[in-house]
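Student: Could you take me through a close look at how the helices pack in this model? I'd like one connected account, with the strands brought in at the end.

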Amino acid sequence: MGEILQIQVGRCGNRIGDNFWKTISNEHGLDEQGKSSGYLTDMQLERINVYYDESKGKNSLGKAFVFKMNTLNGTGGVYVPRAVLVDSDSTLLNTIGGRQCGGNAYRKENFVGGHGGTGSNWAKGYYGRGEMSRRVAEAVRSEAERCDRLQGFQLVHSLGGGTGSGLGGRVLNNIQASYPNRAAHTYSVAPWTAVSDEPTESYNASLSLARLVSGAQATYLADNRALFDACCGGSSGGGGASTAPAYADLNHLMSQIMSGVTTGLRFTGRLNADMKKCTANLVPYPRLHFFVPEFAPLTFRGQTDACAYTVPELSSQLCKAVRLQRRCTGAGAVAAVVMAAVMTFRSRSLTIEPRRGDVPLQPSTGQTTAPEHCWLPDNLKTASYGVPSHGLKNSGTVVANTTAVRDVFERYSRRSASMLAKRELLHLYMEEGMDSDEFQVALEQIESLMAEYLAIEQINYSGDDVYGDHENDRQLTTSMGCKITKSTVDGRNTLIL
């Protein structure tokens with residue numbers, strides 16, 4: 001299995017990225033210094049090299065065998081995250097690197113920090129950090145050379161901050177130029193005024209989103225408004241964290257989502273053997289690669305959940321969370337459309353037999369009034385994994401390619417257009433050498449993308465047969481809120497917790 005290199009940019013990207021490494025280290029049986037925290041199973045070690053580099057203890061006897069033997073005699077190797085940490089203000093990086101436990105897990109040469117920040121200015125991050133961009137490129141090159149078969153990169157960043165959006169966009173451009181045959185996925189956090197109220201966020205988000213259209217093969221878009229509501233409402237059935245969740249609550253939820261999304265890359269299972277297959281399952285058209293990821297059951301900082309949820313219960317929670325994407329953005333009456341989705345379920349009680357490919361969910365058929373409709377035939381795929389999420393007995397994750405993301409684009413496009421018409425704060429971007437025409441180009445790019453999503457919604461609403469004249473093959477009327485029934489593989493029931 002090829003390796004994946006994570007680049008976390010900005011304050012938001014580094015907080016989430018740091019939580020992500022803590023979460024998956026626990027799942028792979030590692031402590032905060034990258035050493036074994038106990039007896040490890042073959043499944044925990046089989047694909048550990050995807051996200052970790054073993055600094056010593058490697059030989060030809062096999063990773064799992066060698067690690068277990070080294071653990072017994074006290075000479076076990078250290079697994080180092082394949083990560084580059086970037087921020088224009090070094091304060092947070094110094095905090096992460098200076099921890100007595102945890103900070104030692106990262107390579108010190110992969111910390112790329114600056115001084116002064118970017119003042120929440122996309123242009124300052126994109127155009128004004130040339131020296132930092134070169135240092136990041138060197139750190140990425142050095143880390144990539146440690147890989148035997150690099151499959152791609154994942155960028156963790158915010159769309160609202162100047163560093164995450166601007167410098168993150170420049171880093172993504174450099175990756176495209178230097179590694180054109182490698183996949184580039186992003187975990188992008190869309191800002192919301194209740195969480196952050198920087199006046200330039202709309203500009204930054206619009207400029208960053210426009211570049212993600214062509215700059216990434218997949219974008220897992222986390223809307224801060226949806227994360228905020230999830231923390232307040234506790235959609236899994238438990239109570240919310242508080243009436244005003246802290247950044248740490250949102251970061252914890254995002255790290256849970258990332259852990260669930262990357263399960264198929266880190267453990268043996270039925271789906272998503274590599275980054276390219278992830279997009280092959282979910283992207284009907286190259287530009288429509290913005291996904292809504294959700295996780296169930298919701299837990300918050302310091303909480304665990306020992307409940308044994310069934311697959312239908314987890315599926316119901318996940319489908320509800322996807323539907324809330326449109327509700328919490330105040331969209332119009334046109335129903336959002338789920339074009340494709342992948343659900344993964346995790347529990348020790350699941351039997352893993354990856355002898356077949358995708359295992360389709362069999363949804364109920366017929367006209368429904370649920371708020372989201374499946375658009376492609378057989379577009380719901382599932383997979384099961386025998387390693388549970390940290391602190392949970394069982395869990396589920398969904399990655400949905402839904403037209404509800406249009407609401408996020410519209411939110412920032414509308415605000416940016418209004419500010420641009422008044423030339424509000426435009427001078428801050430012009431001072432960094434940016435041309436005002438770039439705003440218009442970005443808005444046109446977003447408007448074009450929104451039109452594509454809207455066209456799919458209108459086709460689905462009108463009931464036009466986009467698959468031809470084979471009426472029996474049409475599955476436009478099944479819903480994400482459907483009753484989940486058992487699938488069979490090789491004559492046996494599957495996905496039973």
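Tutor: Let's get one convention out of the way: a crossing of two helices is left-handed if the near helix is turned anticlockwise from the far one by less than a right angle, and right-handed if that turn is clockwise. Keep in mind too that this is a predicted model. Two packed helices are described by the angle between their axes and the distance between the axes.

Start with helix α7, residues 162-178, and helix α8, residues 201-215: their axes come within 9 Å and cross at roughly 20°. Angles under 35 degrees count as roughly parallel, and so α7 is roughly parallel to α8. The crossing of this pair, α7 with α8, is left-handed. On the α7 side you'll find Gly162, Ser165, Leu172 and Gln176, which meet Asn204, Ser208, Leu212, Ser214 and Gly215 in α8. Sorted by type, the residues of the α7 and α8 contact come out as two nonpolar and seven polar, with no charged ones.

Now put helix α1 (residues 10-27) and helix α10 (residues 247-261) alongside. Here the axes of α1 and α10 come within 8 Å and cross at roughly 50°, and α1 and α10 are therefore oblique to each other. The crossing of α1 and α10 is right-handed. From α1, the contact takes in Arg15, Ile16, Asn19, Phe20, Thr23, Ile24 and Glu27, while α10 brings Asn251, His252, Met254, Ser255, Met258 and Ser259. That α1 and α10 contact splits into five nonpolar, six polar and two charged residues.

One more helix is worth a stop: α13, residues 311-327, where serine 315 sits. Serine 315 has 0% relative accessibility, so this residue counts as buried. Its C-alpha atom is 7.4 Å from that of glycine 396, although the two residues are 81 residues apart along the chain.

That takes us to the strands, since strand β15 covers residues 394-402 and pairs with strand β10 through nine bridges, the two running antiparallel. Within that pairing, alanine 341 has alanine 400 in β15 as its bridge partner. β10 also has six bridges to strand β14 (residues 380-385), and here the strands run parallel. For phenylalanine 345, the partner in β14 is serine 384. As for cover, β10 spans residues 336-347, and twelve of its twelve residues are buried.

Note on methods: Residues are numbered from 1 along each chain as its sequence is written. This is a predicted model: local features need pLDDT of at least 70, side-chain atom pairs count only at pLDDT 80 or more; totals for chains, interfaces and linings use all residues. Side-chain values use heavy atoms; hydrogens and water are left out. Axes are lines fitted to C-alpha atoms, for helices over the stretch in contact, and angles run from 0 to 180 degrees between N-to-C directions. Helices (H or I, at least four residues) and strands (E, at least two) are DSSP runs, numbered from the N terminus. Angles under 35 degrees count as roughly parallel, over 145 as roughly antiparallel, 65 to 115 as roughly perpendicular and the rest as oblique. Contact means heavy atoms within 4.5 Å. Ala, Val, Leu, Ile, Met, Phe, Trp, Tyr, Cys and Pro count as nonpolar, Asp, Glu, Lys and Arg as charged, and the others, Gly among them, as polar. Buried means under 20% relative accessible area, exposed over 50%, partly exposed in between (1.4 Å probe, protein chains only). Two strands pair if DSSP finds at least two bridges between them.
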